[in-house]
Amino acid sequence: MKPVFDAIEHSAHRISEAITNEDLCYGDSCNATGDMQLKLDIQSDLIIAEEFSKITAVKAIASEEKEEAETLHPEGRFMIAYDPLDGSSLIDVDLSVGTIYGIYDGEFQAKNMLAAVYVVHGPRLEMVTAYKGGVRHYIFRHGRFMEQETIRLGEKGKLNAPGGTQMHWYPHHKKLIEGLFAEGYRLRYSGGMVPDLHQILLKGGGLFSYPGTTDKPNGKLRKLFEVFPFAYIYETAGGAAVDDKGRRLMELPCDDPHETTPCFLGSKYEVEKMREAYGIG
Ligand code: F6P
């Protein structure tokens, strides 16, 4: 696994450089040299694919940017699914974005997950890994990722990050969100899954929800590229991660790489509140 984590670290550094130095004039030929520019999410995807292609233990990769998985080393062990630059439109307004990885032993199914990692590109470059029962936090300083504290979620937090368009929420979901605010929870929602979940994780707990809505009954967030890795990280940190039927996200099948699911991730207390509001026994 070490070479895989090393490749993730190299990619994080290279993507960070690209975010800082590329001009954001996407499209035909608007940079000074007249070269065709690539959007940052495509560029990030290429960087990650290049780094993983150097690691013989990586059998195949699936990117949120591509329709199909790609075999790199048929004899390798790990299958890696990733979202190269989640929330990339937030770069235009200088908010944090991130990269999300799920590392599998065997097929891309939640039950085969061995490790999950996300990288936050914010005022600082940070990384969180869940592996072998521990969630570890790293900050990039002086050219390398330095390990910080181990992360554990509290039983109950203070933050509420409710996704989805409110006019399309179901009444029971509205009740859940309003109930948490009535208990004193604070609204923290940037529209970037990585920074929103990072904040809840580092500040001890709360609830991130992206429900099924009247216009999108299966939610918006993709199982393979967004939901499974965070579910793995939250559960490893002592929290909970369920869908709108109260099933563990980590027990859901994945029939299509781009399949979505409603999701609720948080500390145990808030996920219990979700069960109550949704009438789940
Ligand atoms: O899937 C991309 C994404 O930007 C996530 O990072 C984020 O949680 C979600 O979409 C935000 O969606 P919305 O704009 O509907 O709240």
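**Exercise 1. Which residue in S2 is the bridge partner of Ile 61? Place strand S1 among its neighbours.**

Before starting, note that this is a predicted model: local features need pLDDT of at least 70, side-chain atom pairs count only at pLDDT 80 or more, and totals for chains, interfaces and linings use all residues. Residues are numbered from 1 along each chain as its sequence is written, and side-chain values use heavy atoms, with hydrogens and water left out.

*Solution.*

Step 1. Find the partner. Ile 61 has Glu 70 as its bridge partner in S2. Strands here are DSSP runs (E, at least two residues), and helices are runs of H or I with at least four residues; both are numbered from the N terminus.

Step 2. Describe the pairing with S2. Two strands pair if DSSP finds at least two bridges between them. S1 and strand S2 (residues 70-71) run antiparallel and are joined by 2 bridges. They form a hairpin, with 6 residues between them.

Step 3. Turn to strand S3 (residues 78-86). S1 and S3 run parallel, joined by 5 bridges. Val 58 stands opposite Phe 78 in S3.

Step 4. Check the cover. Buried means under 20% relative accessible area, exposed over 50%, and partly exposed in between (1.4 Å probe, protein chains only). In strand S1 (residues 58-63), 5 of the 6 residues are buried.

**Exercise 2. In what order do the 5 strands of the open sheet lie? Follow strand S11 through the sheet.**

*Solution.*

Step 1. Write the order. It is S10-S9-S11-S13-S12, with mixed pairing. The edge strands are S10 (186-187) and S12, each of which pairs on one side only.

Step 2. Start from S10. Strand S9 (residues 159-162) pairs with S10 in the parallel sense over 2 bridges. Asn 160 has Leu 187 as its bridge partner in S10.

Step 3. Move on to S11. S9 and S11 are also parallel, with 4 bridges. Here Asn 160 stands opposite Leu 207.

Step 4. Cross to S13. S11 and S13 run antiparallel, joined by 4 bridges. Phe 208 stands opposite Leu 265 in S13.

Step 5. Look at both faces. In a regular strand the side chains alternate between the two faces of the sheet. In S11, Gly 206, Phe 208 and Tyr 210 lie on one side, Leu 207 and Ser 209 on the other, and all are buried. Strand S11 (residues 206-210) has 5 of 5 residues buried, so it is largely enclosed by the rest of the structure.

**Exercise 3. Which residues are around the ligand? Sort them and find polar contacts.**

*Solution.*

Step 1. List the shell. A residue is near the ligand if one of its heavy atoms lies within 4 Å of it. The residues are Asp 86, Gly 87, Tyr 189, Gly 191, Gly 192, Met 193, Phe 208, Tyr 210, Lys 220, Leu 221, Arg 222 and Glu 226.

Step 2. Sort the shell. It holds 5 nonpolar, 3 polar and 4 charged residues. In this scheme Ala, Val, Leu, Ile, Met, Phe, Trp, Tyr, Cys and Pro count as nonpolar, Asp, Glu, Lys and Arg as charged, and the others, Gly among them, as polar.

Step 3. Find the contacts. A polar contact is a pair of N or O atoms within 3.5 Å. An N or O atom in the side chain of Tyr 210 is 2.6 Å from a ligand oxygen. For Met 193, a backbone N or O atom lies 2.8 Å from an oxygen of the ligand. For Lys 220, a polar side-chain atom lies 2.9 Å from a ligand oxygen.

Step 4. Give the cover. Alone, the ligand exposes 400 Å², and the protein buries 78% of that. Accessible areas come from the Shrake-Rupley method with a 1.4 Å probe.

**Exercise 4. How many salt bridges does the count come to? Compare where some of them sit.**

*Solution.*

Step 1. Apply the rule. A salt bridge is a side-chain nitrogen of Lys or Arg within 4 Å of a carboxyl oxygen of Asp or Glu. The count comes to 21.

Step 2. Take Arg 77 and Asp 105. Their closest N and O atoms are 2.9 Å apart. Arg 77 is in the loop between S2 and S3, Asp 105 in strand S4 (residues 97-105), and the two are 28 residues apart.

Step 3. Take Lys 174 and Glu 178. Their side chains meet at 3.0 Å, N to O. They are 4 residues apart in helix H3 (residues 171-182), so about one helical turn separates them.

Step 4. Take Glu 259 and Lys 223. Their closest N and O atoms are 2.7 Å apart. Glu 259 lies in the loop between strands S12 (240-242) and S13 (263-266) and Lys 223 in helix H5 (residues 223-236), so the pair ties together parts 36 residues apart in sequence. Glu 259 is partly exposed at 22%; Lys 223 is buried at 5%.

Step 5. Add a network. Salt bridges link Arg 14, Glu 50, Glu 51 and Lys 54.

Terms used
A polar contact is a pair of N or O atoms within 3.5 Å; within protein, one must be able to donate a hydrogen and the other to accept it, and residues adjacent in sequence count only if both atoms are side-chain atoms.
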